[in-house]
Amino acid sequence: MATFGNLSARLTETFKNLRSKGKLSAADVDGTVREIRRALLEADVSLDVVKDFTGRVRERALGDEVNRALNPAQQVVQIVNEELVGILGGEQRRLQFAKNPPTVIMLAGLQGAGKTTLAGKLAKWLKGQGHTPLLVASDLQRPNAVTQLGVVAEQAGVAIFAPEPGNGVGDPVKVARDGVREAEAKHYDFVIVDTAGRLGVDAELMRQAADIRKAVNPDEVLFVIDAMIGQDAVATAKAFQEGVDFTGVVLTKLDGDARGGAALSIRSLTGRPILFASTGEGLDDFEPFHPDRMASRILD
Ligand code: GDP
């Protein structure tokens, strides 16, 4: 993943300087923590998250576990690794299944975040595990959205429920509700509801998403966020959390070369786990999110 290229390089450099030392003085630790702080801020990680993170690293790095370590520098790297896993969520959180199928998954996020593409990726991934997902086209805002969802459904080889073109069906809440009913009637075991996004957070969009949530009572509401949106991630995530109260996060465009700070901020800012990572435009560029693997990639 190129997203963390700069951050990785900066951290590697910092740790290289540290390794040339034997015992670490408080000044060594402070210098290292300052470098880590700078690297994270440059990667667009939110200031509050950076402060907490570096505070914890500093406290631990000055403590006994480092003092007594055979290799203090190595121990500091280990601490940074553990703290990175921590801000990424600790344990992997898997998708929640409904006790009685279908499991209903609703997608929410800004336009362009990658929701429609994700609907196809998720459907293909579920199908590969023997499930029978139904895609539901509740994004009636963009003229092209239903067609686009049709294309990804075909690529994924899964079924789609969409309003008939031109018959005046314009109510996304009704489409979502009817889609879930269709899944129940025809025994699909997953329903993925694609919803409308706007370029910016907007009250009407939030109301519509909240109405869809109420109508279909999803098992998961996944907030889809472009990992490259930098500092805007904070306000966007908070608005969606207040508006629809999502249960999990999907990070998209982790293949990009931007700074990726959203990835490191989102869990701490929202308290919601990251479930999946999207790493390209193809339907297979997608994987369940593992905090420990992501931390290792950053510290690679
Ligand atoms: P939506 O408006 O939220 O439904 O977003 P779309 O699914 O239409 O995606 C917007 C654009 O981002 C499309 O051109 C996608 O091909 C592209 N895209 C989606 N996910 C990824 C990803 O993980 N990596 C990259 N590079 N592009 C992506």
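Okay, let's start with H187, which is found in the loop between α8 (172–186) and β4 (190–195). Helices and strands here are DSSP runs numbered from the N terminus, with H or I and at least four residues for a helix, and E and at least two for a strand. H187 has a phi near 60°, a positive value in a residue other than glycine.

Quick housekeeping: this is a predicted model, where local features need pLDDT of at least 70, side-chain atom pairs count only at pLDDT 80 or more, and totals for chains, interfaces and linings use all residues. Residues are numbered from 1 along each chain as its sequence is written, and side-chain values use heavy atoms, with hydrogens and water left out.

Next, P101 and P102 are joined by a cis peptide bond, with omega about 5°. P102 lies in the loop between α5 (72–87) and β1 (103–108). For background, most residues other than glycine have a negative phi, and most peptide bonds are trans.

Now the ligand. Which residues come nearest to it? Of the 17 around the ligand, they are G112, T116, T117, D255 and E281; "around" means that a heavy atom of the residue lies within 4 Å. By class, that shell has 2 nonpolar, 9 polar and 6 charged residues. Ala, Val, Leu, Ile, Met, Phe, Trp, Tyr, Cys and Pro count as nonpolar, Asp, Glu, Lys and Arg as charged, and the others, Gly among them, as polar. Helix α6 (residues 115–128) gives the largest share of the shell, 4 residues.

On to polar contacts, meaning pairs of N or O atoms within 3.5 Å. A ligand nitrogen is 2.7 Å from an N or O atom in the side chain of D255. For E281, a side-chain N or O atom is 2.7 Å from a ligand oxygen. A polar backbone atom of A113 is 3.3 Å from an oxygen of the ligand.

Last stop, the rings: the structure holds 6 aromatic pairs, with ring centres within 6.5 Å. One of them, F276 and F286, is stacked, at 4.9 Å centre to centre and 25° between the planes; stacked means under 30 degrees.

Key
Polar contact = N/O pair within 3.5 Å; in protein donor to acceptor, adjacent residues only side chain to side chain. Phe/Tyr/Trp six-rings, centres within 6.5 Å; stacked < 30°, edge-to-face > 60°.
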